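Work through the following exercises with the sequence and the coordinates at hand. Each task is followed by a solution in steps.

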Amino acid sequence: QNSGSMKATPFFLLAVMLAGTVSAEDVCIVGYLMDTFCIDRGNLLDNPGVRTLEGPEQHSVYCLVDVQPCVQGGFEVLYDKPAGATEYCRGFTLDSAGNQMMMTLAPAPGGPPRRS
């Protein structure tokens, strides 16, 4: 295993500027950050025994920011599971600016955020 297989923190807090969609205001969204590639495949690339929408807390930062198919697919924020459900909900898809912000702020495996 890569030394960068540290687990993602349970929640990422994103402040996203929504211009023109709803209104120009800051919106705070709290949830697990997941790459679209792993969501679409149904299980975590770095932990194939885990269904993506059932165990996002078991996804690694390494997979999110260093595995090319995961990075290239973009990112989404997962909302909490509805009462009685086993899966988290796909909530918000980051645009290209949000994807870049996530890559800039995400911690390097075993280290501080990757600021350019």
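Of the protein's 116 residues, 39% are buried, where buried means under 20% relative accessible area, exposed over 50% and partly exposed in between (1.4 Å probe, protein chains only). The model is a predicted one: local features need pLDDT of at least 70, side-chain atom pairs count only at pLDDT 80 or more, and totals for chains, interfaces and linings use all residues. Residues are numbered from 1 along each chain as its sequence is written, and side-chain values use heavy atoms, with hydrogens and water left out.

**Exercise 1. Decide which part of the model calls for caution.**

Step 1. pLDDT is the predictor's confidence in each residue, from 0 to 100. Its mean over the protein is 77, and 70% of the residues reach 70 or more.

Step 2. Over residues 1-24 pLDDT stays under 50. The model nevertheless has 54 contacts beyond four places in sequence for residues 1-24, a contact being heavy atoms within 4.5 Å.

Step 3. Where pLDDT is low, the predicted coordinates should not be read in detail.

**Exercise 2. Describe the secondary structure, then strand β5 and helix α4.**

Step 1. Helices (H or I, at least four residues) and strands (E, at least two) are DSSP runs, numbered from the N terminus. The protein has four helices and six strands, in the order β-β-α-β-β-α-α-β-β-α along the sequence.

Step 2. Strand β5 spans residues 75-79, and four of its five residues are buried. β5 pairs with strand β6 (residues 89-93) in the antiparallel sense over four bridges; pairing requires that DSSP finds at least two bridges between two strands. Within this pair, V77 stands opposite F92 of β6.

Step 3. In helix α4 (residues 96-105), the buried residues are G98, N99, M102, M103 and T104. An α-helix has 3.6 residues a turn, so residues three or four places apart point the same way. At the start of α4, a side-chain oxygen of D95 comes to within 3.2 Å of the backbone nitrogen of A97.

**Exercise 3. Characterise the surroundings of T52 and G42.**

Step 1. T52 sits in the loop between β4 (47-51) and α2 (61-66). T52 is buried because its relative accessibility is 1%.

Step 2. Not counting residues up to four places away in sequence, T52 touches M34, C38, I39, G42, N43 and L44. The T52 side chain also reaches the backbone nitrogen of N43 at 3.2 Å.

Step 3. G42 belongs to the loop between α1 (36-41) and β3 (43-44). With 32% relative accessibility, G42 counts as partly exposed. Apart from neighbours within four places in sequence, G42 contacts V50, R51 and T52. G42 and E54 are twelve residues apart in sequence, with C-alpha atoms 9.6 Å apart.

**Exercise 4. How many disulfides does the protein have, and how far away are the cysteine sulfurs nearest to those of C38 and C63?**

Step 1. A disulfide is counted when a pair of cysteine sulfur atoms lies within 2.5 Å. By this rule the count is zero disulfides.

Step 2. C38 is in no disulfide, and the nearest cysteine sulfur, that of C63, is 3.9 Å away. C38 is buried, at a relative accessible area of 0%.

Step 3. For C63, the closest cysteine sulfur is in C70 at 3.4 Å, which is too far for a bond. C63 is also buried, with a relative accessible area of 0%.

How values were computed
A polar contact is a pair of N or O atoms within 3.5 Å; within protein, one must be able to donate a hydrogen and the other to accept it, and residues adjacent in sequence count only if both atoms are side-chain atoms.
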